[in-house]
Amino acid sequence: MAMVTGAARGIGAAVAKRLGEDGFAVAVLDLDEEACKPVVDEIEAAGGRALAVGMDVADEQAVEAAVARVAGELGAPTVLVNNAGITRDNLLFKMTATDWDAVMGVHLRGAFLMSRAAQKHMTDARWGRIVNLSSTSALGNRGQANYAAAKAGLQGFTKTLAIELGRFGVTVNAIAPGFIETDMTAATAERVGVPFEHFKAAAAKEIPVGRVGRPEDIAATVSFFVREEASFVSGQVIYVAGGPRA
């Protein structure tokens with residue numbers, strides 16, 4: 001079965017639904033358990049099995065309890081998608097330590113705690129898949145020192161886990177989305193005072209394929225990484241951004 005964090009909306013919801021379509025029982029994890037239930041309902045309406053779980057990925061005890069609950073109710077989790085994320089954007093001289101710590105806590109501490117809790121189930125099964133959500137911001141992005149550092153950190157985390165867990169049949173990969181149409185990018189547009197449609201149109205002009213991304217684009221990439229056929233792909237970062245990134 002699969003666990004997806006930050007799965008109440010956006011990319012996480014699309015990933016959870018796609019994994020349900022692929023035949024996985026899915027634990028839909030987010031801060032607010034009630035907010036997860038519409039995604040669970042969609043998965044179940046399509047004939048799948050799902051469970052809504054409310055928890056904070058940066059809380060060690062909450063993570064351990066959530067993974068234990070998932071294992072008890074849905075079975076041992078052998079797929080983990082670390083998608084939970086927040087932004088607290090600001091230029092360096094305006095950025096508070098609280099905003100730095102919050103972003104690091106969700107992205108890096110959260111991925112660490114979730115992966116550590118899940119890996120025992122994967123190594124016991126001698127099969128597992130971890131997919132971490134990085135970002136093109138890992139390459140640097142003005143006003144996102146915290147977010148960029150966290151997303152770059154996830155790439156190093158991914159490569160290290162791939163080395164450590166490979167001998168147990170566990171692959172670990174990362175996806176670095178470009179501009180994806182989500183509530184988060186809509187909030188960014190609002191913050192800078194630009195209508196979202198104009199914001200998307202401006203972004204699309206800079207993307208070789210001529211459009212912004214959709215959550216389903218990321219879900220399709222996750223679907224590939226967790227397949228048995230992808231068992232020889234590990235420690236990789238794929239930029240799903242409509243064009244090349246370096």
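Biologist: What makes aspartate 59 a cap at the N-terminal end of H3?

Modeller: A side-chain oxygen of aspartate 59 lies 3.1 Å from the backbone nitrogen of glutamine 61. A polar contact is a pair of N or O atoms within 3.5 Å, within protein one able to donate a hydrogen and the other to accept it; residues adjacent in sequence count only if both atoms are side-chain atoms. This is a predicted model, where local features need pLDDT of at least 70, side-chain atom pairs count only at pLDDT 80 or more, and totals for chains, interfaces and linings use all residues. Residues are numbered from 1 along each chain as its sequence is written, and side-chain values use heavy atoms, without hydrogens and water.

Biologist: Why is H3 called a helix, and what span does H3 reach?

Modeller: Helices are DSSP runs of H or I with at least four residues, numbered from the N terminus. H3 (residues 60-74) has 15 residues. H3 reaches 21 Å from first C-alpha to last, close to the 21 Å expected at 1.5 Å a residue. The expected span is 1.5 Å times one less than the number of residues.

Biologist: Which residues of H3 are buried, and how do you know that they share a side?

Modeller: Val63, Ala66, Val67, Val70 and Leu74 are buried, meaning under 20% relative accessible area (exposed is over 50%, partly exposed in between; 1.4 Å probe, protein chains only). They cover an arc of only 95° around the axis, so they sit on the same side of H3. The arc is that of directions from the helix axis to the C-beta atoms. Exposed Gln61 and Gly72 are on the face turned away from the buried side.

Key. Helix = DSSP H or I, 4+ residues; strand = E, 2+ residues; numbered from the N terminus.
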